[in-house]
Amino acid sequence: MTRGFTLAAVVITAICVIPYLGVLAAAATGSFDTVAHLAETVLARYTLTTLVLVVIVMTGTAVIGASTAWLVTMTEFRGRRLIEIALALPLAFPAYVLAYGYTHILDHPGIVQATLRDLTGWGPRDYWFPEIRSLGGAAFVLTLVLYPYVYLLARAAFAAQGASTFLAARVLGKTPVQAFFQVSLPMARPAIAAGVILVAMETIADFGTVAYFGVQTFAVGIYTSWIAMADRAAAAQLALGLLAFALLLAMLERYSRGNASYANGRRSQPATRIVLSRSQEARALLFCLFPVLFGVVFPVLALSSMAVGSGQDLLSPRYLGFIRNSLTLATVAAVVTVSAALVLGTLHRVHNTRLSGSALYLARLGYAVPGGVIAVGLLVPFATFDNGLDAWMRANFDISTGLLFTGSIWLLICAYLIRFLAAALGAYEGGIASIGTNMDAAARTLGQDMPGMVRRIHLPLLRTSLLTAGLVVFVDVMKELPATLIMRPFNYDTLAVQAYRLASDERLDGAAVPSLVLVGIGLIPVILLCRRIGRGQA
């Protein structure tokens, strides 16, 4: 039965590698005419815009995430425990949903500008107002959605630091702020760096926000080449450039994790919280409330007000179909992805070889690769196979096989598997670390093979971790837009696709309804995460 696990691991690894080989082959064999035209016109803009967006979002998330994490971990102020949990809530929001909400609030016909004109009597050209549909607007929205990646990792690093180092700095005459910058922050730097690199991965992968705001990034260029220009070679060549950058970020993230051990010293005594004065307490509370208000409260209020008069009926057969399609894809993808993580993780645990470690590394790469790149990398080789098989069957048997893989649900499930397998592996490894290898040895001594050991030992003990992994993958699939938009079967729309389509037609009131449903579903794993944070509070 060990051979079955090995064969399954080989198949999973092969599926994970196909998009990279597909993109490379399509980019190398296709015509470079379209890319040459793009290089003369918009390629430099794609590159510069993507880099500027990544730098702005990385900086903003690092400042907000690290600062709020230190405040809720090392200081005491009113409402701290509630704020500590609320700061994680923006994880439930797809970035494009926040983009729709802030367009309703800040755009020219939006609430803020309309109120400003009513109060002052100004005309449209009598004042200047920041444009939300811009590079700055996209950076603002992505920062609000992605800072929890930095916040959660930094909070864990600050909480794991013993009080002795911070108190030693205080005894040596350092102020709390100096001790933070010279002691606490350097010790937490690897965790913060890992969070910032994850933010960079998510930023280059984003499509819904930048496409809606009209920001020309590589992700938008890939979709434009594939859909608008119908040039798969150009899409593959653009995807290859983005893939190289994504893999570089993946290596940086792996390096930061590998060098993060000193960030978590042994906690000899609980950290003594700094008691703030009333003015400092007020400033700390306001600073921590800022991302919660702008990342959760204001968008939800805006989307709710839009949804009330939208005329969209969630109980209509059409919307029930969107919900059914979304739930079906997310459920199947979650089961398949968690099962794949269990197979790869177990094989590496039992046979810790270089090959099993390489398989795990390749499986983790998908999280760094944008969904649009994975979609192109899968569609190109499978479309070639489908067309070749159909031509051969027509020539020899006068039978048309059609498209067996292209445009199928199972190929879309493979894209989700590649994209989110790293998240499932992370949850699995977090749980399996608490199970000693002596239990595996005892199971083998009692005659259990690998499947028996997994069924009788690992699964019962990993139930919570695997459920968490499934929920994370489920919600990520519900929110995924570019891969779904490119690869979905004909007339098989999801809530994310419906929200994007309505927003693209400037029907924001209608887009608010599926957006709120996505947010409601996304809150489920975030609430579970917040409960764990609450249990771990001192």
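Which element gives the largest share of the lining of the second largest pocket? Keep that in mind while you click around; what you have open is a predicted model.

**Stop one: the second largest pocket.** Start by selecting W70, L71, T75, V177 and L276, the lining residues that lie nearest the centre of this pocket. The full lining runs to 16 residues, and the space inside is about 440 Å³.

Now colour by element. Pick α3 (43-74), α9 (176-205), β2 (274-275) and α13 (278-308): each of them supplies at least two residues of the lining. And here's the reply to the opening question: α9 gives the largest share, with five residues.

Next, switch to colouring by residue class. On this pocket's wall you'll find 12 nonpolar residues, three polar ones and one charged.

**Stop two: the closed spaces.** The count comes to four cavities of 30 Å³ or more. Head for the largest cavity, which has a volume of about 80 Å³. To see its walls, select A205, F207, A219, I222, Y223, L242, P370, G372, V373, P482 and I486. The elements to show as cartoon are α11 (218-228), α16 (371-397) and α21 (482-487), which give two or more residues each to this lining. Of these, α11 gives the most, with three residues.

Keep the class colouring on for a last look. What does the lining of the largest cavity hold by class? It has 10 nonpolar residues and one polar, with no charged residues.

Methods: Residues are numbered from 1 along each chain as its sequence is written. This is a predicted model: local features need pLDDT of at least 70, side-chain atom pairs count only at pLDDT 80 or more; totals for chains, interfaces and linings use all residues. Side-chain values use heavy atoms; hydrogens and water are left out. On a 1 Å grid over the protein atoms alone, a cavity is a set of points where a 1.4 Å probe fits but cannot get out, and a pocket is an open set with protein on both sides within 12 Å along at least five of seven lines; lining residues have an atom within 4 Å of a point. Grid points are joined across faces, edges and corners, and a volume is the space filled by probe spheres set on the points. Helices (H or I, at least four residues) and strands (E, at least two) are DSSP runs, numbered from the N terminus. Ala, Val, Leu, Ile, Met, Phe, Trp, Tyr, Cys and Pro count as nonpolar, Asp, Glu, Lys and Arg as charged, and the others, Gly among them, as polar.
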